Amino acid sequence: EASVTVTVTCSAGQVLGRGVAVSPRQVLTARHVVDACDGLILASGEMMDIELRSDTHDVARLGASLDTAPFARWVGAGDEVQIGDRVMYIGGAPGISRVIKVGYVSLVEGGEAVAGMRGIRGNSGGPLFDERGQLVGILVRAMFGDMEPVIVFVTVSGFDDLMPAPPPPLTREDLDAPAGPRGRWPILSDR
């Protein structure tokens with residue numbers, strides 16, 4: 001099944017994390033995922049080059065050839081996540097190809113945000129989307145302990161310097177389209 005999400009593995013086969021395709025030649029992931037190993041590959045077996053690492057946030061851009069994959073659209077300036085927004089994470093787990101989690105943003109500060117949901121090991125670098133299916137962030141860590149589990153993600157403003165040219169904005173047709181069989185999330189609809 002086509003997806004904007006990708007699995008990032010070490011050349012030795014160890015799953016390091018997730019990523020999101022943002023153009024035919026670029027994947028975003030967490031910087032600590034790419035720092036963990038040389039020789040990064042996609043689940044499809046394609047080798048990737050590390051193009052850029054953010055100096056301020058835990059995000060990196062990889063170069064790959066993804067001509068057949070769909071690509072994520074992301075929120076524009078002034079349309080960042082806010083406290084109370086509902087976000088969706090798409091990732092995976094050992095033995096499970098796709099895991100979807102939904103939570104609410106509880107903090108936004110300095111290019112990072114926190115949302116209430118439990119993280120899963122191996123999902124660093126995976127995408128978070130808003131209800132319109134637009135990329136709003138990259139998962140960088142999960143926090144547990146005496147509090148409710150939360151995830152921390154870098155917002156688009158925290159990695160906009162790594163992004164290719166902005167995608168076209170969502171059209172009225174995109175926003176008014178009927179929900180697919182899996183609900184209102186456009187990224188999961190069958191359109």
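Is Asp-130 buried or exposed? I looked this up before anything else. Asp-130 counts as buried, because its relative accessibility is 12% and the cut-off for buried is under 20%. I kept in mind that this is a predicted model.

**Entry: around Asp-130**

I placed Asp-130 next. It sits in the loop between β10 (127-129) and β11 (135-143). I then followed its side chain. The side chain reaches the backbone nitrogen of Gln-134, at 2.9 Å.

Val-75 came up as a neighbour. I find Val-75 touching Asp-130, and also Glu-80, Gln-134, Leu-135, Val-136 and Val-156, with residues up to four places away in sequence left out. Val-75 is itself in a loop, the one between β6 (60-63) and β7 (86-93). I read 2% relative accessibility for Val-75, so it counts as buried. I also checked a distance to Thr-155. The two are 80 residues apart in sequence, and their C-alpha atoms are 9.6 Å apart in space.

**Entry: overall picture**

I stepped back to the whole protein. I count 3 helices and 12 strands in its secondary structure. Of its 191 residues, 49% are buried. The accessible surface comes to about 9,500 Å², and carbon and sulfur atoms hold 50% of that. I also looked at contacts between residues at least 6 apart in sequence. Among these, 59% join residues at least 24 apart.

**Entry: confidence**

How far does the predictor trust this model? I note a mean pLDDT of 75 for the protein, with 68% of residues at 70 or more. Among the elements, strand β9 (residues 112-115) has the highest mean, 92. Helix α3 (residues 172-176) has the lowest, 55. Over residues 178-191 the pLDDT is below 50, yet this stretch has 33 contacts in the model beyond near neighbours in sequence. I leave those contacts alone. Where pLDDT is low, predicted coordinates should not be read in detail.

**Entry: the nonpolar core**

Which residues have the most contacts inside the largest nonpolar core? I noted Val-20, Leu-28, Val-87, Leu-128, Leu-135, Phe-153 and Phe-159, in a core of 47 residues.

I picked Leu-128 for a closer look. It lies in strand β10. Its relative accessibility is 0%, so I log it as buried. Leaving aside neighbours within four places in sequence, I see Leu-128 in contact with residues including Val-87, Leu-135 and Phe-153. Its other partners include Met-88, Tyr-89, Met-117 and Ile-151. I checked Ile-90 as well. Its C-alpha atom is 6.9 Å from that of Leu-128, and the two are 38 residues apart along the chain.

**Entry: two serines**

I turned to Ser-23 and Ser-124. Ser-23 lies in strand β2 (residues 15-23). It is buried, with a relative accessible area of 11%. Phe-71 is 48 residues away along the chain, but I find the two C-alpha atoms separated by 5.7 Å.

Ser-124 is in the loop between β9 and β10. I read a relative accessible area of 17%, so Ser-124 is buried. Its side chain makes a polar contact of 3.0 Å with the side chain of His-32. Beyond near neighbours in sequence, Ser-124 also touches residues that include Gly-17, Arg-18, Thr-29 and Leu-139.

**Entry: salt bridges**

How many salt bridges are there? I have a count of 6. Side chains of opposite charge can pair when their charged atoms come close.

Arg-31, Asp-35 and Arg-53 are linked in a network of salt bridges. I took the pairs in turn. Asp-35 and Arg-31 have their closest N and O atoms 4.0 Å apart. They are separated by about one helical turn, because they are 4 residues apart in helix α1 (residues 31-35). Arg-53 and Asp-35 meet at 2.7 Å, N to O. That pair links distant parts of the chain, with Arg-53 in strand β5 (residues 47-53) and Asp-35 in helix α1, 18 residues apart.

I checked exposure in the network too. Asp-35 is partly exposed at 46%, Arg-53 is partly exposed at 39%, and Arg-31 is partly exposed at 23%.

One more pair went into the notebook. Glu-112 forms a salt bridge with Arg-141, the closest N and O atoms being 3.5 Å apart. This pair also links distant parts of the chain: Glu-112 is in strand β9 and Arg-141 in strand β11, 29 residues apart. I list Glu-112 as partly exposed at 22%, and Arg-141 as partly exposed at 38%.

Note on methods. Residues numbered from 1 in each chain as written. Heavy atoms only, no water. Helix = DSSP H or I, 4+ residues; strand = E, 2+ residues; numbered from the N terminus. Buried < 20%, exposed > 50% of the residue type's maximum accessible area, 1.4 Å probe, protein only. Polar contact = N/O pair within 3.5 Å; in protein donor to acceptor, adjacent residues only side chain to side chain. Core = buried A, V, L, I, M, F, W, Y, C linked by side-chain atoms within 4.5 Å. pLDDT = per-residue confidence, 0-100. Contact = heavy atoms within 4.5 Å. Areas by Shrake-Rupley, 256 points an atom, 1.4 Å probe, with all protein chains shown as cover. Salt bridge = Lys/Arg side-chain N within 4 Å of Asp/Glu carboxyl O.
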